[in-house]
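The exercises below are meant to be worked through with the sequence and the structure side by side. Try each task before reading its solution.

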Amino acid sequence: MTVSLSGKEVALKIEGEFPGSLVESSQENLVVKSDHLLDAARFLKETDGLDFDYLNFVTAVDYYDHFEVSYMLSSLEHNHCLTVKTRCYDRENPVLPSVVGLWQGADFQEREIYDLFGITFEGHPNLKRIFLWAGFEGHPLRKDFI
Amino acid sequence: MEIKPAGKYIYPDIELDREEGQIIEDLKTNSQESISDPDQWLDEELEQNILLTSVDALINWSRRSSLWTAICFPACCAFEMIAANGPRFDLARFGMEILRASPRQADLMITAGTLTWKMAPNVRRIYNQMAEPKWVIAMGACAISGGIFASASYAVVPGYNRIIPVDVYVPGCPPRPEALIYGIQMLQKKIARRKNIDVRRLLKR
């Protein structure tokens, strides 16, 4: 059975490495500031004892005043998992760093988020629409899309 | 921090995607009206032929007795279609148990499933690749009108008759195999009525 790590305990480790990089943490998850996302992600992937070498999924939620992007991480070695979130407050031109360089599985899913939410992932090697066609106007999973 | 991609990526050119997007946009713009029943606008001269009914009867009999279906089953109605082809309902009784992987060998397209605008150019291409004469059965609510997606979805074609002319509509969500077989029998009756020989042109020779 996969063990869900406590967000608070992992948050202490990240806070020790990168002070001021977290927004909040709880038992279930931790929220990283978007400009520290890559540092935290690399730390989670490469630190001994954490070794989050597998990305289960990336998804996004529209909370009207901000977008929240969730990363579900797992370690195949230690059989534990963790949910990391980050927030993006710019509605007109939301930008987040891409994690494709760390987990290649994020490739299509970041393209899906780009397609349906309009969030740009900086550093993505091939960021274009995946479900809808080029020329489609708007991003259908945004709450204000009708 | 810059993180380099772990491997080499092979992706198609963005220009190709834009081209595809333009094709979809053009098709969508030109497909806002339903295409009416082919009987209303097919060649009128053919319909006035009354003399060589025996030839007509022969041609129509041979055509309707071995309708071969092109494989174009995008969604869940396909399973009712497959059930209709299976031993319990046995579509082979009507001479059409063969599903052709190549549309060039098919006469009939059974559109079993929801169609999205992204898929629409491919369905029209399959239809264009089928040799004349050809017929279309719209199977299920999605094929008739877009079904549950008709009013709300930005991505679903509201009925196959925006894309291709439809001969017979089979309602249901999905239709039972009996309903599909009844629809096929209606299509066979429709084919039986068809006039094929232009007599006046023959007499002029």
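**Exercise 1.** Does B:Asp90 count as buried, partly exposed or exposed, and at what relative accessibility?

Solution. This is a predicted model, in which local features need pLDDT of at least 70, side-chain atom pairs count only at pLDDT 80 or more, and totals for chains, interfaces and linings use all residues. Residues are numbered from 1 along each chain as its sequence is written, chains are lettered from A and ligands numbered from 1 in the order in which they are written, and side-chain values use heavy atoms, with hydrogens and water left out. Buried means under 20% relative accessible area, exposed means over 50%, and partly exposed lies in between (1.4 Å probe, protein chains only). With 29% relative accessibility, B:Asp90 is therefore partly exposed. Its place is the loop between α4 (77-85) and β2 (99-100) of chain B, where helices (H or I, at least four residues) and strands (E, at least two) are DSSP runs numbered from the N terminus. B:Asp90 is not a glycine, yet its phi is positive, at about 55°.

**Exercise 2.** Describe the hairpin of β4(A) and β5(A), and then the residue with a positive phi in its turn.

Solution. Begin with the pairing, for which DSSP must find at least two bridges between two strands. β4(A) and β5(A) run antiparallel and are joined by 8 bridges, and A:Val61 stands opposite A:Glu68 in β5(A). Next, look at the turn: the hairpin has 4 residues between its strands, and A:Tyr64 there has a positive phi of about 70°. Finally, A:Tyr64 is exposed, because its relative accessible area is 59%.

**Exercise 3.** Follow β5(A) to its other partner, β6(A), and find out how many residues of β5(A) are buried.

Solution. Strand β6 (residues 80-88) of chain A runs antiparallel to β5(A), and 9 bridges join the two. Across this pairing, A:Leu73 stands opposite A:Leu82 in β6(A). The hairpin of these strands has 4 residues between them, and A:Asn79 takes a positive phi near 60°. Since 8 of its 9 residues are buried, β5(A) is largely enclosed by the rest of the structure.

**Exercise 4.** Which residues are joined by the cis peptide bonds that lead to B:Pro133 and B:Pro174?

Solution. Most peptide bonds are trans. A cis bond joins B:Glu132 and B:Pro133, with omega about -10°, and B:Pro133 lies in the loop between α5 (120-129) and β4 (135-139) of chain B. The bond from B:Cys173 to B:Pro174 is cis, with omega near -10°, and B:Pro174 is found in the loop between β5 (168-170) and α7 (177-192) of chain B.
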